[in-house]
Amino acid sequence: MAYFPNVEKIQYEGKGSKNPYAFRHYNPEEVVEGKTMREHLRFALAYWHTMTQDGSDPFGDPTNQRTWFGETPLETAHNRVDAFFEILEKLDVDYFCFHDIDIAPAGDSLEEFFANLDEITDHIKEKMEETGKKLLWNTANMFSHPRFNNGAASTNNADVYAIAAAQVKKGLDISKKLGGENYVFWGGREGYETLLNTDMKFEQDNIARLFKMAIAYGEKIGHKPQFLIEPKPKEPSKHQYDFDAATTMAFILKHGLEGDFKLNLEANHATLAGHTFEHELNVARDYDALGSIDANQGDMLLGWDTDEFPTNVYDTTFAMLQILDNGGIAPGGINFDSKVRRSSHEMDDLLFAHIAGMDTFARGLKAAAKLREDRFFEDLKEKRYASFREGIGASIVADKEDLESLTEYALKHDDPKLESSHIELVKSQLNDYLF
Ligand code: XUL
Ligand code: CO
C-alpha cells in the first residue's frame with residue numbers, strides 16, 4: 001500500500017519553481033567543491049519525529065493526521081516501516097536514525113520488547129536491501145520510561161542501570177544487523193534535579209563505565225560504529241551532564257574515551273546552552289571530534305527545545321562552513337531532528353518540511369563553498385592575526401619568548417596602534433553571498 005499515492009519522487013526544479021513537491025536548491029547530483037550535494041550533505045530522517053510524533057503538546061491532544069495505524073501496536077509498527085521507506089524514497093534521502101522505542105512496541109516486558117525489535121528490524125533490513133537506504137545511527141531511549149526518572153547510566157538504582165545496559169547491548173546488536181555507521185548516546189535523564197541528593201562524580205563515573213562496556217561489546221561482536229555523545233544542557237533534566245560540546249569534551253578526555261567517541265551536535269541544543277550552532281561545531285572541530293549533526297532550529301523567544309525544521313539560511317551557511325572546513329561530516333550526516341508544527345498536521349507536511357530543510361542546507365552549502373572559494377573568512381582572519389606572523393608575534397608563536405623578554409620588548413615600544421575590525425562592513429558583504 002502506498003501512503004502518499006499522489007506524490008511522485010521529489011525532483012530538483014530550480015529556484016523559480018512554484019511546485020511545492022520539488023526541490024528548488026537541493027540538486028543531489030550537482031557537484032560542489034568536487035563532491036555531489038548528496039555526498040556532502042548525507043541527509044537522514046529521524047524516525048521519531050517523522051513516524052511517532054503526534055502533534056500533542058503539554059496543553060493539547062494529538063493533531064497529526066496519519067494513515068498508518070493498524071489493529072495492534074505491532075501492526076502499526078510494521079505499517080510505519082513501509083510508510084517510512086516510502087518517505088525516504090520520495091524525498092531521495094539515503095539515511096535514517098531511530099531510537100529502539102520508535103520502531104517497536106515496548107510490550108509488557110523487556111523480553112517482549114526485544115522480540116518485537118527483532119521482528120521489526122527484520123522488516124527494516126528487508127526494506128534496506130530493497131531500497132539501498134542506510135542506517136546513519138540508532139540509539140536506545142533511556143529517558144521516556146518511568147524507571148529512568150533518576151537517570152539511566154547515572155541512576156541511583158543498580159537494577160535500572162542493568163536495564164539500560166541491556167538496551168545498549170540490544171542497540172549494538174541491531175546496529176550490527178543493519179550496518180549502522182554511528183551509534184548515539186543522548187543523556188536525556190543523565191543529570192540531576194537537585195544537587196542536595198546527588199553525587200555528581202559517582203554518577204558520571206558510572207556513565208563512563210557504561211560507555212566503556214559499549215566499546216568492549218562492539219569489539220567483541222566485531223562491529224565498530226563511530227560512538228557519538230549528543231550534548232544538551234537541560235530538558236528533560238534540569239541540568240544535564242553533557243551540557244555542551246566543551247563540557248562533553250572534558251568528560252570524554254577525563255575518561256580516556258577520545259579514541260572511540262565524537263560528538264553529535266544539535267542546533268537547538270546549542271542555543272539552549274546559550275551558544276550558536278557554529279560555536280558548538282567549532283569547539284568540536286578543535287578537538288577533532290565533529291561526528292554528526294542533528295539539524296533543526298529553536299525559537300529565540302522560547303526557552304525550550306522546539307525542534308523546528310531548519311529554514312534560516314544564515315545558520316545553515318555557518319554550519320556548512322564548519323563542515324567544509326572539517327573536510328566533511330562522514331561517517332556522520334545531517335539528521336533532521338525536527339518536527340512539523342502542531343498545526344501542520346497533514347501527511348504531506350512531512351514532505352514539505354523536509355524539502356524546506358534540505359533546500360535550506362543546500363543553499364547553505366552553496367553559499368559556504370562560494371565564501372571558501374573567495375577566501376572570504378580566510379583573508380579576514382589572515383589579516384587579523386598578521387602581527388603573529390612576523391617579528392615579535394612570530395617569536396611568541398614559536399615559543400621563543402618569556403615574561404622577561406616580552407617585558408623588555410613592551411618597555412621599548414610605544415603603545416600599539418589598533419586597526420578597526422570593520423565588522424558592519426564584513427556583515428554587509430556577507431549578505432551578498434546569501435541573498
Ligand atoms: C532530544 C534529542 C534526541 C536525540 C536522540 O532533544 O535531540 O532526539 O537526538 O536521543
Ligand atoms: Co537530537
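A crossing of two helices is described as right-handed if the near helix is turned clockwise from the far one by less than a right angle. In the predicted model examined here, helix 12 passes helix 16 in a crossing of this right-handed kind. The axes of helix 12 and helix 16 (residues 423-434) lie 9 Å apart and enclose an angle of about 125°. Because an angle that is neither under 35 nor over 145 degrees, and that falls outside the range of 65 to 115, counts as oblique, helix 12 and helix 16 are oblique to each other. The contact between them involves Arg363, Ala367, Lys370 and Leu371 on the side of helix 12, which meet Leu430, Tyr433 and Leu434 of helix 16.

The cobalt ion (ligand 2) is coordinated at 1.9 to 2.1 Å by carboxylate oxygens, namely the OE atoms of Glu230 and Glu266 and the OD atoms of Asp294 and Asp337. Six donor atoms surround the cobalt ion (ligand 2), and the angles that they subtend, 81 to 171°, make the arrangement octahedral. Along the chain, the donors of this ion follow the spacing E-x35-E-x27-D-x42-D. Distant parts of the chain are thereby linked by the pair Glu230 and Asp337, which stand 107 residues apart. Glu230 belongs to the loop between strand 10 (226-229) and strand 11 (239-240), whereas Asp337 belongs to the loop between strand 14 (334-336) and helix 12 (347-373). Glu230 counts as buried because its relative accessibility is 4%, and Asp337 likewise counts as buried, with a relative accessibility of 6%.

Definitions and conventions. Residues are numbered from 1 along each chain as its sequence is written. Chains are lettered from A and ligands numbered from 1 in the order in which they are written. This is a predicted model: local features need pLDDT of at least 70, side-chain atom pairs count only at pLDDT 80 or more; totals for chains, interfaces and linings use all residues. Side-chain values use heavy atoms; hydrogens and water are left out. Donors are N, O and S atoms within 2.8 Å of the metal (3.2 Å for Na, K and Ca); water is not among the atoms, so sites may look incomplete. Four donors count as tetrahedral if all angles lie between 85 and 135 degrees; four count as square planar and six as octahedral if opposite donors are over 155 degrees apart and all others between 65 and 115; anything else is irregular. Helices (H or I, at least four residues) and strands (E, at least two) are DSSP runs, numbered from the N terminus. Buried means under 20% relative accessible area, exposed over 50%, partly exposed in between (1.4 Å probe, protein chains only). Axes are lines fitted to C-alpha atoms, for helices over the stretch in contact, and angles run from 0 to 180 degrees between N-to-C directions. Contact means heavy atoms within 4.5 Å.
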